[in-house]
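Please prepare a short briefing on the structure shown below. It should cover the make-up of one chain and the charged and nonpolar patches on the surface.

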Amino acid sequence: MSGLEQFQDRNVSQNYYKVKIEPYPKTPWEKFKRVVRKSLKPDLLIGLKITLLEMLRFNIHTIQYPKEKLPVSPRFRGIHRLLRLLESGNERCIGCGLCEKICISNCIRIDTKPDENGRKIPTEYTINFGRCIFCGYCAEVCPELAIVHGQEYEYASEQRAQFAMKEDMLTPLDKLKEQKEYPGFGAPTPAADKLIKKTPLAY
Amino acid sequence: MFEVVAFYLFAALTIVMFVITVMSKNALYAMSSLAAGMIFISAFFFLLDADFLGVVQIIVYSGAVMALYAFAMMFMDTTKEVKENNPPKRIVFFLSGMIALLLVLILLTPIISDKVKALYPMSDEIGNTEAVGIVLFTKYLVPFEVAAIMLLVAMIAGIILASKRMDESITLKIDQEIEQKGAE
Amino acid sequence: METAFIIETIVKILVVLGLFSALAGFATYVERKVLAFMQRRLGPMHVGPYGILQVLADGIKLFTKEDFIPQGAVRPIFMIAPVITAATAFIAMAAIPMFPEFTIGGYTVRPIISDMNVGLLFVLGVMGIGLYGPLLAGMASGNKWSLLGAARTAIQFLSYEVVTGLSVLAPVMIVGSLSLIDFNNYQAGGVGEWLVWKQPIAFILFLIAGFAETNRTPFDLLEHEAEVISGYATEYSGMRWGLFFIGEYANMFTIGFLASLIFLGGFNDLWFIPGAIAILLKVFFFIFLFIWARASWPHVRPDQLMWLCWKVLMPIAVVNVVITGIVMMFF
Amino acid sequence: MITLTHYLVLSAILFSIALVGVLRRKNLLMLFFATEIALNAINIAFAAISKYYGDLTGQMFAFFVIAIAASEVAVGLGLLIIWYKRRGTIDLDSLQTMHG
Amino acid sequence: MEKYVLIALFAPLVGSLFAGAYAMKPKRLITGIVTSALLFVSFVSSLILLFDLLKTEEAVRVKLFDWITTGSLNIPFGFVADQVSVIMMVTVTLVSTLVHVYSIGYMEHDKGFNRFFSYLSAFVFSMLVLVMSDNFAGLFIGWEGVGLCSWLLIGFWYYKKDEPKEVNPSISPSWAANEAFIMNRIADLGMLIGLFIIYWHIGSLDYNVVFAHVNLLDIAIITMMGIFLFIGAMGKSAQFPLHTWLADAMEGPTPVSALIHAATMVTAGVYLVVRSFPIYSQIPNIGFYIAALGAFVAVFAASMALVNTDLKRIIAYSTLSQLGYMFVAAGLGAYWVALFHLMTHAFFKALLFLGAGNVMHAMNDELNIFKMGGLYKVMRWTAIFMIIASLALSGIYPFAGFFSKDKILEVAFDAQHYILWFMLWVGAGMTAFYSFRLIMLVFFGEERYKKYGFHPHEAHWYMLAAMAPLALLAIVAGFFEEPFEEFVTQLLPEYHVHIHGILAVALIGLTTLIALSGIALAVYKYSHGGFSPKWKETFIYKLLYNQYYIPVLYEKLFIEPYKELSKIAWKELDLRIVDATVDFIAGIIYKSGFAGRVVQSGNLSKMLRWMVIGLLILLVLVIVYSPVR
């Protein structure tokens with residue numbers, strides 16, 4: 001049985017075995033015997049041996065955090081990012097306001113105006129990170145993939161103002177080349193097309 | 001020189017501590033100062049070459065007896081001030097002052113004759129602990145055993161008194177409670 | 001002569017105070033490091049090379065922290081309680097001979113502050129007085145967790161003092177003295193003469209009771225976080241808390257010295273190792289043992305603690321004393 | 001030079017302090033404390049006489065006094081706690097049930 | 001040998017204390033077994049003493065410690081095992097061992113099982129103190145001890161209600177116990193006076209001293225001694241004016257009746273007379289009076305037994321009658337004969353009582369013999385044992401009673417007191433009659449118990465086993481007459497019967513004849529339906545049935561005047577004079593107490609202040625009277 005099959009095998013009862021629990025001592029004499037038995041069994045010494053061996057092996061697993069960092073999962077829901085269109089460099093956001101509607105902690109505010117082409121563009125886009133719970137609904141609901149979660153997890157700051165700067169979230173124009181098409185939580189996976197085709201449709 | 005300094009120092013400390021104990025409104029002050037006073041008294045024992053007695057004073061009195069008091073005090077709220085209607089101060093201080101005066105008078109006049117002979121002279125060759133042991137287990141063997149039995153009895157009594165059922169004793173019950181029990 | 005004696009004593013006192021305060025600090029560093037290694041961690045690393053200056057950083061932090069006294073506390077007692085812990089821990093060291101005699105410029109120094117003939121009892125007694133620190137702290141704090149911690153202190157210290165005393169009684173009977181120097185001299189003949197071979201049970205009992213008296217892990221119930229926050233020390237901060245800490249570590253050293261002197265040959269020369277080094281090695285072994293046990297073992301429940309003391313350890317200690325007496329009488 | 005009289009006078013003073021406590025305080029616990037002071041005062045006198053007459057008997061009595069104090073505490077405190085549990089106070093006046 | 005004396009004496013006490021420790025607990029079989037075993041130990045020790053005494057002929061004396069030493073009075077706790085007391089010891093311990101074993105079965109379902117054995121063993125201890133003591137004081141302790149234990153045991157079922165005679169013909173146990181106790185106290189007063197007289201004139205209570213000096217005294221004083229001691233004996237042995245308690249004492253459990261009120265305690269009076277033979281041999285007049293009284297009681301009691309319907313009371317009257325026989329022998333100076341009859345009587349009377357106990361057990365404690373009958377079929381062994389005992393009681397050869405009783409008749413004849421002899425002879429006939437009346441009514445004839453719905457059954461095997469040795473002794477004990485006489489007369493005076501040859505044979509023949517005819521009459525009458533009911537109407541029957549109206553007489557003569565007297569003393573004397581005085585004194589104290597109660601407030605603080613004031617005063621006194629010179 002391979003690892004996966006073994007993992008997926010739900011018929012676990014065949015592997016059950018009963019743990020022998022000795023009856024709880026009732027009389028003082030039995031309690032005393034249990035203490036003697038437990039003291040004379042080398043359980044305590046085995047504990048000491050394990051810790052000593054661990055120390056001597058010196059097998060350290062510490063990540064020295066500010067100096068070293070662990071890689072973050074692509075589905076990690078960090079600080080939001082507002083994306084631009086790769087070709088034109090315009091903001092992807094069309095000001096539909098769905099994210100504002102769906103936000104369960106009411107931390108997103110959008111102000112829009114029609115631009116010279118008659119299209120609606122956001123003039124103000126703020127997320128109050130003091131309130132945001134990083135649930136990811138905004139990214140999931142966005143029809144234009146304009147807002148996604150980034151990888152940033154070091155949120156601490158000394159100023160409240162820094163918790164809502166659109167400029168910090170929006171991909172800067174000079175970094176446009178580094179922006180990936182499907183960068184974080186909320187964007188479809190790179191293999192999304194294939195998966196969609198596999199889905200049988202009624203029509 | 002040392003002895004004089006030590007004596008007066010510890011005498012002053014002891015008296016201050018005990019006065020605090022007696023006069024303090026707060027039970028915790030009283031307990032702490034009493035414990036401190038006990039330890040200072042052990043200093044007198046060391047000064048008097050009674051090393052073993054001094055150590056016993058520290059271990060038994062300060063270590064065990066006072067700790068027991070402290071433990072008992074945990075049942076009460078010790079941070080509060082003790083409220084009591086003290087008897088008139090004049091009577092108290094007159095009585096105790098008179099007794100102090102008389103005692104000092106008696107002790108200052110050399111009524112203790114100089115002819116008292118030592119029954120068990122201290123010897124310099126063996127240490128205090130050994131000497132104490134020898135006397136304790138020869139002349140005072142029977143009192144020693146009696147004291148041991150007394151301690152045992154006290155221990156059993158303490159255990160029984162502190163056990164759970166004791167506060168329901170019928171003899172201590174207020175009439176109302178007894179009637180209530182009867183009605184059940 | 002007298003002046004020299006006074007000066008010598010004062011110097012010794014200062015040395016002991018300074019040295020053991022520093023050692024206590026260093027022991028915290030060692031403890032954190034060793035615990036970390038045993039748990040596959042690195043421990044303090046940032047302050048200084050390998051975090052060695054962490055001790056200093058802790059000290060600075062403790063000294064500069066606000067000394068906070070709660071409103072409901074009984075002020076003087078609250079303030080004096082940590083001092084009692086630290087003071088008794090150091091006073092207890094007065095009767096412990098740390099090292100063999102040595103001479104500086106023709107002047108023989110005995111590294112013991114006061115050699116009294118009831119030294120052992122004095123040490124145990126003063127360590128027993130140490131219980132007033134936590135006790136008064138807990139009672140004066142006006143906090144129920146502190147009070148619970150104090151109650152636990154009282155029962156634990158009182159109970160285990162009995163075991164300590166009884167377990168030491170058997171070696172005392174063999175040596176016939178209460179002076180720790182006599183103990184040391186009795187075991188001068190080398191490893192074979194160590195009392196631990198004659199009194200293994202007493203040694204183990206003494207160690208267990210030592211763990212309890214220094215409030216170390218399997219028996220660290222006084223300030224067990226999951227149950228009573230931080231026990232008697234809940235309301236303390238800054239240097240007052242630091243004094244509790246120093247007292248505790250000083251007590252660990254005291255127990256280490258006592259165990260080495262009574263059971264493991266004291267400061268006699270060990271093979272090629274000079275006596276001073278030998279006793280330091282032994283003491284550090286005990287310190288390491290304290291830390292090691294803390295890394296390895298879970299702690300017990302309060303009722304198990306009492307049960308262990310009164311129904312297991314004390315009877316064993318009494319039986320040990322009786323057997324020792326019988327053996328000494330007939331052989 | 002410290003003589004026997006010094007110790008005896010000290011003992012007398014401490015005893016009088018204890019007496020003040022016994023007379024003044026109404027709290028049972030304080031009464032116990034005062035009793036302990038009295039016992040200790042006597043112990044000093046015993047030890048001092050023992051020293052100045054070169055006789056160990058005084059010390060022996062001091063030991064027995066300590067033993068008595070220990071027993072007294074064991075029993076007395078048990079009673080005191082019971083009383084406190086029942087009445088919620090350990091004031092001496094609350095112990096009085098006779099009208100006198 | 002001393003240790004056997006102590007073992008024999010104290011083993012029952014240990015047993016009693018052991019059982020007493022369980023007194024308030026539910027039944028524990030172990031108490032019965034332990035007490036019985038300890039009594040057996042005591043019995044074995046007594047036997048060892050007996051054989052030792054047979055060999056060495058020297059009495060064993062043990063002095064435990066001085067009990068009372070004031071002035072010239074010195075009463076030690078001393079014990080002696082001489083020929084007389086050894087005989088008594090063996091008899092007492094043997095009977096009581098068997099009774100103990102028997103009681104394990106008899107008291108099986110009683111809730112006071114442990115208590116019973118405690119009392120019973122305590123009784124044996126007291127009895128042993130009585131017989132073994134070497135002075136009159138010890139004898140008196142034992143005397144009172146058996147009285148106390150008898151009181152405890154008669155009133156063993158003290159919780160039974162006191163019902164009027166119409167409802168329940170028997171009286172309540174506690175009443176019976178008190179009656180026995182009070183009767184005995186009256187008699188003991190006489191005995192105590194006797195002891196005082198002895199001490200006053202001789203200055204000692206030790207047997208040896210007393211008996212050595214008694215012949216030096218004035219004859220009048222000896223007479224006084226004899227009379228007063230005999231009053232004591234009369235109470236204990238239930239002789240004529242003080243006899244009513246014995247029949248009422250049958251309210252106790254049957255083993256008690258067997259042990260105390262047949263075999264041992266009641267014979268204490270006889271023992272006392274036998275023991276103080278040096279006194280009585282000085283005063284043959286008193287001896288004759290004793291013998292006359294004995295003969296009177298022998299007939300008197302036997303006549304009451306003739307008509308009684310209560311199983312145990314019949315046997316109790318028989319005991320009275322037999323005690324009369326013993327007193328006749330003792331009074332006429334044939335002390336060893338009295339002792340011999342005492343011993344044999346103990347065996348067969350205990351056997352008779354135990355058999356009666358079996359019957360009672362079988363009949364659910366029914367005592368009326370007219371409700372029994374035909375029990376032989378279900379209780380064969382009990383019947384056989386009781387027939388053996390009855391034969392022995394009636395004095396039929398070769399049973400034990402024949403030898404001892406016949407000897408008494410011979411003695412009476414030999415002393416030329418022919419009237420006594422005739423009375424005893426009549427008594428022997430009556431004895432035979434009522435014994436077999438009992439046997440016939442209980443064991444043979446019509447099975448009347450079926451009418452009353454009883455389901456009798458045989459007793460446990462070990463109860464029967466306990467009876468078997470007694471039955472054996474009731475048969476064979478008589479053959480030990482010769483060695484017994486030889487043994488006992490080492491201490492007691494010898495008594496030679498001068499009748500020989502034809503006359504002796506004729507006497508034996510006459511006695512046997514009347515006994516046999518009594519038996520024959522009983523067997524004939526009761527196998528043919530008993531006497532006619534008309535007989536019950538006659539005066540004689542009523543007189544006998546109501547015990548010669550003596551209880552009624554006592555009631556009218558003593559109890560009611562005493563009640564009146566008490567009433568006067570209460571109303572006039574006590575209330576008017578004594579109480580008034582006491583009340584006056586009490587009033588003064590009351591008032592002063594009211595005035596002074598301010599001091600005693602119960603406030604510790606205030607009391608401490610008083611204490612300190614006292615201390616201050618003492619210190620001032622120290623200063624004032626300081627020893628500085």
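Chain A contains 7 helices and 4 strands, where helices (H or I, at least four residues) and strands (E, at least two) are DSSP runs numbered from the N terminus. This is a predicted model, in which local features need pLDDT of at least 70, side-chain atom pairs count only at pLDDT 80 or more, and totals for chains, interfaces and linings use all residues. Residues are numbered from 1 along each chain as its sequence is written, chains are lettered from A and ligands numbered from 1 in the order in which they are written, and side-chain values use heavy atoms, with hydrogens and water left out.

**Chain A**
- The elements run α-α-α-β-α-β-β-α-β-α-α from the N terminus.
- Of the 203 residues in chain A, 25% are buried, that is, under 20% relative accessible area (exposed is over 50%, partly exposed in between; 1.4 Å probe, protein chains only).

**Negative patch**
- Asp111(A), Glu124(A), Glu167(A) and Asp168(A) form a surface patch of negative charge.
- Asp168(A) lies in helix α6 (residues 166–169) of chain A and counts as exposed because its relative accessibility is 53%.

**Nonpolar patch**
- A nonpolar surface patch of about 1,200 Å² includes Leu101(B), Trp610(E) and Val620(E).
- Helix α24(E) gives the largest share of the nonpolar patch, 8 residues.
- Val620(E) belongs to helix α24 of chain E and counts as partly exposed because its relative accessibility is 38%.
- Patches are made of residues with over 30% relative accessible area and no salt bridge (a side-chain nitrogen of Lys or Arg within 4 Å of a carboxyl oxygen of Asp or Glu); like charges are joined within 9 Å, and nonpolar side chains (Val, Leu, Ile, Met, Phe, Trp, Tyr) within 5 Å.

Conventions. Areas by Shrake-Rupley, 256 points an atom, 1.4 Å probe, with all protein chains shown as cover. Lys, Arg positive; Asp, Glu negative; His and termini not counted. Charge placed at Lys NZ, Arg CZ, Asp CG, Glu CD.
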